[in-house]
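Here's a friendly walk through one protein chain. Take a look at the picture first, then read on.

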Amino acid sequence: MSLARLTVLYLVFAVIATACNLGAQALVHTVLPPGPGTAGLAYWFALGVGTGVGLVVKYMLDKRWVFLDRSTGVANHSKKFSLYTLMGVATTVIFWGMQTAFFMIWETQLMLYVGGALGLAIGYLVKYQLDKRFVFGPAGQTA
């Protein structure tokens with residue numbers, strides 16, 4: 001696959017996963033709106049739900065279309081998804097930190113989502129390199 005095609009696919013999938021993540025958060029916020037600050041459980045619950053949704057969507061798209069991984073089986077998927085999630089820990093810290101900082105500074109839902117989108121964009125740039133090397137590359141390949 002050409003570098004240009006790979007870049008476009010990864011960018012499109014990052015946008016889709018970001019929309020799913022922030023959309024899931026927005027759905028939670030319709031029932032449990034976040035208040036000023038970050039002490040409320042509604043804020044953290046929505047953040048966790050969005051992160052989970054985005055993670056699963058991005059994994060399915062990346063595995064099949066970006067990394068061209070056609071492997072099957074529960075054991076193989078479990079191993080790869082576990083590695084994929086582990087590689088996401090550092091990038092989740094970037095995402096959550098950026099989103100939380102924007103929300104704490106401006107205390108509006110708009111800036112919460114702006115910070116989230118920025119944090120996800122930075123995180124996905126880092127995550128691609130980690131996934132390529134440790135999840136879908138030689139270190140993550142299974143027989």
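Let's start with threonine 18. Leaving out residues up to four places away in sequence, threonine 18 touches Ala117, Leu120 and Tyr124. Threonine 18 itself is found in helix α1. Is threonine 18 buried or exposed? Its relative accessibility is 13%, so threonine 18 counts as buried; the cut-off for buried is under 20%. One thing to keep in mind as you look around: this is a predicted model.

Now look at one of those partners from its own side. Which residues is tyrosine 124 in contact with, leaving aside its neighbours within four places in sequence? They are Tyr10, Ala14, Ala17, Thr18, Gly54 and Lys58. So much for single residues; time to zoom out.

**The overall build**

The chain has four helices and zero strands. Read from the N terminus on, the elements go α-α-α-α. Along its principal axes, the C-alpha trace spans about 50 × 30 × 20 Å. How does the radius of gyration fit in? For 143 residues, a compact globule would have a value near 15 Å, and the chain has 16 Å, which agrees.

What about contacts along the sequence? Take the contacts between residues at least 6 apart in sequence: 74% of them join residues at least 24 apart.

**Inside and outside**

What share of the 143 residues is buried? Buried residues make up 41%. On the outside, the accessible surface of the chain comes to about 7700 Å², and carbon and sulfur atoms account for 76% of that surface. As for charge, there are 10 positive and 4 negative side chains, with the centres of the two sets 12 Å apart.

The largest nonpolar core has 25 residues, and the ones with the most contacts inside it are Val66, Tyr124, Tyr128 and Phe136. Who supplies this core? Helices α1 (3-31), α2 (41-66), α3 (74-106) and α4 (109-135) each supply at least two residues. The largest share, seven residues, comes from α1. There's a general pattern to compare this with: in soluble globular proteins, nonpolar side chains tend to be buried together. And notice that Tyr124, one of the residues with the most contacts inside the core, is the tyrosine we met earlier, in contact with Thr18.

**Two loop residues to spot**

Leucine 68 and glutamate 107 make a nice pair to look at. Leucine 68 has a positive phi, and so does glutamate 107, though neither is a glycine. Here they are side by side:

| Residue | Place | Phi | Relative accessibility |
|---|---|---|---|
| Leucine 68 | loop between α2 and α3 | near 50 degrees | 42% |
| Glutamate 107 | loop between α3 and α4 | near 55 degrees | 46% |

Why does leucine 68 count as partly exposed? Because its relative accessibility is 42%, and partly exposed covers the range between under 20% (buried) and over 50% (exposed). Glutamate 107, at 46%, counts as partly exposed too.

**One last stop**

Finally, find alanine 101 in helix α3. At 31% relative accessibility, alanine 101 counts as partly exposed. How far apart are the C-alpha atoms of alanine 101 and glycine 116? They are separated by 9.5 Å, while the two residues are 15 residues apart along the chain.

Methods:
Residues numbered from 1 in each chain as written. Predicted model: local features only at pLDDT ≥ 70, side-chain atom pairs only at ≥ 80, totals over all residues. Heavy atoms only, no water. Rg over C-alpha atoms; globule rule 2.2 N^0.38 Å. Buried < 20%, exposed > 50% of the residue type's maximum accessible area, 1.4 Å probe, protein only. Contact = heavy atoms within 4.5 Å. Areas by Shrake-Rupley, 256 points an atom, 1.4 Å probe, with all protein chains shown as cover. Lys, Arg positive; Asp, Glu negative; His and termini not counted. Charge placed at Lys NZ, Arg CZ, Asp CG, Glu CD. Core = buried A, V, L, I, M, F, W, Y, C linked by side-chain atoms within 4.5 Å.
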